[in-house]
Amino acid sequence: MLKKAAESALKTTTEALKAATPALRVEPLSEIMSISAGTAEILGLKDVRMNELVLFKNNVMGMVQTLKPDSVGVVFLSNPDSLKAGDKVRRTNRVLDVPVGDALLGRVIDPLGTPLDELGPLNTDERRRIETDAAPIMDRAPVDTPLQTGIKVVDAFTPIGRGQRELILGDRQTGKTALALDTIINQKDTGVLCIYCSIGARAAGIARVIADLKKYGVMQNTIVMAATGDDEAGMQYIAPYAATAIGEYFMYQGRDVLIVYDDLTAHARAYRQISLLLRTPPGREAFPGDIFYIHSRLLERATHLRPDVGGGSLTALPIVTTEAGNISAYIPTNIISITDGQIYLSLTSYQKGILPAVDTGPSVSRVGGDAQLPAYRKLIGPLKLFYAQFEELESFAKFGTQLDSETQDRLKRGHAIRAALQQMQYRPMAVETQVAVWTAVNAGLFDDIPADKSIEAQTRTDALLHNRFPDLIDTIVTQKQVPTDQQTTAFLTALQDDLTPLYQTEPV
């Protein structure tokens, strides 16, 4: 019995000692196992989180991209040339974030929030994670407010609403960036804040964009985020997420934001490079299987919020570059399926001098029509149908030698519409002027005006509207009503007199 009591006392004492003795915690060694172009495999970093910022020697920064049982894949966010296998790595316990706030307006920054414009540090203490969940469905409101681009062919055929995601795609040098810049410039006095996110472009090209924004007086309401082609692939990868985080900050404050991603083709290539170096299995066109997810979780963050959760909006204009007009390639089809419509720029139209080179056939907006002003929506429905029929009729008319008078009149009207759709860059047109122009076109006042005088005719229309018909502007823009028949008749009668000197022949 004594023996059992002694054994029991010994057991109790041993358990007490174990409980009182702190466990010895040995941190695993954290060092670079291997390093390649823009990525590294790290041994250790126990309990590290996805997207956590890690530091190497010489202040080289990286972001955790993949988690494995015994190692971690990291993408570099700064030049890793000074690093080698065996160098130590340390955690920061900080998931990658970006500074946010009004202090960023008018500034040029990189995806980490570092100023690139030599205007001093950013005076803001607020930060936001670059990766956040999209707003829940129940927090979203319908898209019901137009985002006017000032570009007639877009506002008429593929209108954009605040909170929409509208893709711009086309071959190189077809005017994709120009279209986005015109949209930003048209937001000058609308209260819409703009973010231009450049991914993989040349520094000279970004400098031209910044110069244009300053020239037309919109830089003070715009943030430029630049990840050039010389930056690490990791910086190009995080750029659109960082830009979106800044836009979300303003959106949840109840403000309207427009963000341009220029372009997501370069973003996909940067992610493909990172993934292949980190040994992610390749799939179609060597892109990893989650390439759809990286863009869907980005663009899903663009929305229009309900008033009780902020009431702001984030409108996304992603840009995608196609090759030889092939919109059925992997990346274009992925993003087409994510967005609410697309604006397709045709190389053929561009080469013919039809600018903007928007091909109205494959271009579509799935929600923007609901956000158009009533006066615009009433005009554009019949116009779109007529123009689509005209393009088909024009292709058949090339093979005919004699056309009846009705066909000739339809072709004449179609050519007048095409001429009116053309527009020079940096010349956005106010929505009330667009309504006036399309009213005149529908009434046949532009049918006998030569194509090279269409711009002058539109200038005369704008001058007449603003000088003599302010009540018409009030009805269209302020009251958001359809003009009465009396208002329309009075305007068209006065306009016909103003356009008479431009007619090639007397209008019928």
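# Asking why: helices, cysteines and backbone oddities

User: Which residues of α10 and α12 meet each other?

Analyst: From α10 come Ala375, Tyr376, Leu379, Ile380 and Leu383, and on the α12 side they meet Val431, Gln434, Val435, Trp438, Thr439, Val441 and Asn442. By class, that contact holds nine nonpolar and three polar residues, with no charged ones. Keep in mind that this is a predicted model.

User: What makes α10 oblique to α12?

Analyst: The angle does. Helix α10 (residues 374-397) and helix α12 (residues 431-442) pack at about 40°, and their axes are 10 Å apart. Roughly parallel would need an angle under 35 degrees, and roughly perpendicular starts at 65, so α10 ends up oblique to α12. The crossing of this pair is left-handed.

User: How many disulfides does a search of the whole structure find?

Analyst: Zero. Cys194, for one, is in no disulfide, and the nearest cysteine sulfur to it, in Cys197, is 14 Å away.

User: Why is there no bond for the sulfur of Cys197?

Analyst: A disulfide is a covalent bond between two cysteine sulfurs. To count as one, the pair has to be within 2.5 Å. The closest cysteine sulfur to that of Cys197 is the one in Cys194, and 14 Å is too far for a bond.

User: Are Cys194 and Cys197 buried or exposed?

Analyst: Buried means under 20% relative accessible area. Cys194 has 2%, so it is buried. Cys197 has 0%, so it counts as buried too.

User: What makes helix α8 mostly covered?

Analyst: Seven of the nine residues in α8 (residues 330-338) are buried. Those are Tyr330, Ile331, Pro332, Asn334, Ile335, Ile336 and Ile338. The buried residues pack against several elements, including α6, α7 and β14 (313-321).

User: What stands out about phi of Asn93 and Arg279?

Analyst: Most residues other than glycine have a negative phi. Asn93 has a phi near 55°, which is positive, and it isn't a glycine. Arg279 isn't one either, and its phi is near 65°, also positive. Asn93 sits in strand β6 (residues 90-95), while Arg279 is in the loop between α6 and α7 (291-299).

User: Why do Asn93 and Arg279 count as they do for accessibility?

Analyst: The cut-off for exposed is over 50%. Asn93 has 52% relative accessibility, so it counts as exposed. Arg279 has 62%, so it counts as exposed as well.

User: Where are the cis peptide bonds next to Asp263 and Pro356?

Analyst: Most peptide bonds are trans. The one joining Asp262 and Asp263 is cis, with omega about -5°. Asp263 is in the loop between β13 (256-262) and α6 (264-277). The bond from Leu355 to Pro356 is cis as well, with omega near -5°. Pro356 lies in the loop between α9 (347-351) and β16 (364-365).

User: Why is Gln273 called partly exposed?

Analyst: Partly exposed is the class between under 20% and over 50%. Gln273 has 39% relative accessibility, so that is its class. It's in helix α6 and, leaving out residues up to four places away in sequence, Gln273 touches Ala37 and Ala233.

User: How far is Gln273 from Thr478?

Analyst: Their C-alpha atoms are separated by 51 Å, and the two are 205 residues apart along the chain.

How values were computed: Residues are numbered from 1 along each chain as its sequence is written. This is a predicted model: local features need pLDDT of at least 70, side-chain atom pairs count only at pLDDT 80 or more; totals for chains, interfaces and linings use all residues. Side-chain values use heavy atoms; hydrogens and water are left out. Axes are lines fitted to C-alpha atoms, for helices over the stretch in contact, and angles run from 0 to 180 degrees between N-to-C directions. Helices (H or I, at least four residues) and strands (E, at least two) are DSSP runs, numbered from the N terminus. Angles under 35 degrees count as roughly parallel, over 145 as roughly antiparallel, 65 to 115 as roughly perpendicular and the rest as oblique. A crossing is left-handed if the near helix is turned anticlockwise from the far one by less than a right angle, and right-handed if clockwise. Contact means heavy atoms within 4.5 Å. Ala, Val, Leu, Ile, Met, Phe, Trp, Tyr, Cys and Pro count as nonpolar, Asp, Glu, Lys and Arg as charged, and the others, Gly among them, as polar. Buried means under 20% relative accessible area, exposed over 50%, partly exposed in between (1.4 Å probe, protein chains only).
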